[in-house]
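Notebook, opened to record what I looked up in this structure. I begin with the sheet, then go on to helices, annotated spans and a few single residues.

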Amino acid sequence: MATINDIGVAAAINIVTAFAFLLAFAIFRIQPVNDRVYFPKWYLKGLRSSSIQTGGFGSKFINLDFRSYIRFLNWMPEALKMPEPELVDHAGLDSVVYLRIYLLGLKIFFPIACVAFTTMVPVNWTNKGLDRLRHSNISFSDIDKLSLSNIPNGSPRFWVHLCMAYAITFWTCFILKREYQNIALMRLQFLANDQRRPNQFTVLVRNIPADPHESICELVEHFFKVNHPDHYLTFQAVHDATKLSELVLTRKQMQNLLDYNINKHMRNLSNRPVIKMGFLGCCGEEADGIKYYTSVVEGLTREISEEKQRLRTGTKSIVPAAFVSFKSRWGAAVCAQTQQTRNPTEWLTEWAAEPRDIYYDNLALPYVDLKIRRLIVGVAYFFLTFFFMIPIAFVQSLANIEGIEKAFPFLKPLIEVKLLKSIIQGFLPGIALKIFLLFLPRILMQMSKFEGFVSTSSLERRAATRFYMFQFINVFLGSIVTGTAFQQLNSFLNQSANDIPKTIGVSIPMKATFFITYIMVDGWAGVAGEILRLKPLIIYHLKNSFLVRTEKDREEATDPGTIGFNTGEPQIQLYFLLGLVYAAVSPILLPFILVFFGLAFVVYRHQVINVYNQKYESAGKFWPDVHRRVVTALVVSQLLLMGLLSTKHASKSTPLLLVLPLLTIGFHKHCKNRYQPAFVTYPLQEAMIKDTLDRIREPNLNLKAFLRDAYAHPEFRVGEDPEPEEKLESDMSPPDLVATKRWSWRNTPLPSKDSCREIP
């Protein structure tokens, strides 16, 4: 197990690594050649067209102003200068709410750390509980004397931990409630002040029932003209454009190869680029690269045009889903938040995500298949979580060398070298766990896509939920269980089964040393590595050297990235879980968590201001998930403390802890009922206010033209000119009688005013 010396070695390695990353970033960011890597957001907004150059030879690539190197850390105060309202306008509410998660961690844990180190640390340190257990073959180090394990069984000092648990609960709930209230208010204000967007008027309709007399287009138009006659405006059919997407992607790849060959020819006009037609371009007949890829691109362009025409004119590609738009936000809110028919499984309506948030590949999935897909993913996720216990056990074997040495003495000479042992115990477990978790987010994202979610934001929220559950089961519970087994292996082998729960109760608080090493690797060095952006830096310069020919090519070579909610938020929640669990058990963990939250807040604020370009805007819709996970972590900490005290014979204090989970769950119910509706529904009063303001400010608004192609599949809009605007139609005109092809309803002789809406 890790000692104070091992923690010191790990801290030194991670501090040096983090400082090296920050120093490298501070130098790289002021080099003109790297300007698009570290300030891409300003280029995308059109507020920056070139890097700041100081003049002189080589200034285009290297910063020759030596005074700027003295001010290389000025990015930190600059990242904190922008006020929050201005940051909302600059980066969006999602980014601001995400940053407030780090502030939430500082608000919760800083007072708790101050109280814990002034009360609990002296109480734990001044006991001799672990010294009395030396005869029981229980492995521990001096740092473990700061934990609850150092208090002997039945000691009255456990009342201090009980009072601390109450203080942690009340303080955490107070901060959570205030933050939930503030962010709900921010969301409502953002929606009230937000500019007009298509998703404010549009509803996604799914599971449209089949009808033998009418096509889906006719059925949708007829249904909403009859049931929403005063507010229905138009609709956008959803096509299964899988083949079209594949063709467009293939053409893009071939176009890139064509551009590469053209660039290669421009660098040396005397030689035409030659490619081989065989396997992977390594063998076979030779051909002119430019002519070959030109013909391929032209052929794909013809196929794309034919496929578009087929989708426009045919009906077989239309799926039982549609984007239905209304004349007002009020009409859309009523439709999105009500049941449409007596059959609750048909004509399902929900708010449409904004167009750039739509994941079009899943719109074509039949609604009936979604349950089956989610069952398959649930089974796959179970086995993924179960089998990941193997690498977790391997990581814990690295973290508990003493237990292995006692059970397997022949390994002792190999791992007893002092420096090697400190590195293995203090640094290697954290980095090994980080490596094992490296590819997990991509796997979980693919699972979410397979489940059938129809927006990028919902995909990320679902992946984030699974990632958090995975970390809770494997990283937290798995590390505790397997780590305790390895750590006290010799004790387990030489004691009765009745004493095993007591040994577990003693050793669980001592697992704080492993989590400290993980926090330093992931939370210190990992965050510092995020701001360096080493991978985007290398990729940009490789593209800039071989593929970039024009300024547009250079823009496409820049990858600003996003905040990565599906990976970042669950990782933050793990720190909330560790902090709340160990605050009343082993508070030595808290300073390491505070360093993480402080450093991460500054780093990610800089990234949000200068780098990240968020793909969508959900107006902080993910905050209820954040609140729920912090509450879950709080309940877990209470139950774990209850279990630990029961193993320490603190029978008088343990029953008083039963009240805390009940109070916490009741608090969560109150917050859910009071604030969560602001993140799920759109108040009709707010919708009416926005509609009234629109009618006053823009009485002649052509809303149909504004919504015409908003939800058309993006592949249909590639390379096509926008259609001319339609003439204004009065929204106050009385509803028309609706024509239908159903034989039993042929009592509306007038034809429908609007024809079936096809993708243009």
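Entry 1, the sheet. The model is predicted. I found an open sheet of four strands, in the order β2-β5-β1-β6 and with antiparallel pairing. β2 (232–239) and β6 (348–351) are the edge strands, each with a single partner, so one side of each has no neighbour in the sheet. I noted that neighbouring strands are turned by 30 degrees against each other on average, direction ignored.

Entry 2, one pair of strands. I looked at β1 (residues 202–206) and β5 (residues 318–326), which pair in the antiparallel sense over five bridges. Which residue in β5 is the bridge partner of Leu-204? I read off Phe-323.

Entry 3, helices on the sheet. Helix α9 (residues 216–227) lies across β1, β2 and β5, and its direction makes about 35 degrees with β5. Helix α12 (residues 329–336) lies across β1, β5 and β6, at about 130 degrees to β6.

Entry 4, the loop after β1. Asn-207 sits in the loop between β1 and α9. I noted its positive phi of about 55 degrees, although Asn-207 is not a glycine.

Entry 5, helix α7. This helix covers residues 93–125, 33 residues in total. From first to last C-alpha I have 45 Å, close to the 48 Å expected at 1.5 Å a residue. Where is the kink in α7 centred? I place the kink on Ala-116, with an angle of about 45 degrees.

Entry 6, annotated spans. I checked the UniProt record, an unreviewed entry, which lists several stretches as "transmembrane region", among them 101–123 and 574–606. In the model, residues 101–123 are 100% helix and 0% strand, with the end C-alpha atoms 32 Å apart. For residues 574–606 I have 82% helix and 0% strand, and 23 Å between the end C-alpha atoms.

Entry 7, Asn-34. I located Asn-34 in the loop between α1 (4–28) and α2 (35–38). Is Asn-34 buried or exposed? The relative accessible area is 6%, so I count Asn-34 as buried, the cut-off being under 20%. Leaving aside neighbours within four places in sequence, Asn-34 is in contact with Phe-28, Leu-537 and His-541.

Entry 8, Ala-619. This residue lies in the loop between α27 (590–610) and α28 (623–647). Ala-619 is not a glycine, yet I found a positive phi of about 60 degrees. Its relative accessibility is 1%, so I entered Ala-619 as buried.

Definitions and conventions:
Residues are numbered from 1 along each chain as its sequence is written. This is a predicted model: local features need pLDDT of at least 70, side-chain atom pairs count only at pLDDT 80 or more; totals for chains, interfaces and linings use all residues. Side-chain values use heavy atoms; hydrogens and water are left out. The expected span of a helix is 1.5 Å times one less than its number of residues. The bend at a residue is the angle between axes fitted to the seven residues ending there and the seven starting there. Two strands pair if DSSP finds at least two bridges between them. Axes are lines fitted to C-alpha atoms, for helices over the stretch in contact, and angles run from 0 to 180 degrees between N-to-C directions. Contact means heavy atoms within 4.5 Å. UniProt positions are given in the numbering used here, feature names are shortened, and annotations may be inferred rather than shown by experiment. Buried means under 20% relative accessible area, exposed over 50%, partly exposed in between (1.4 Å probe, protein chains only).
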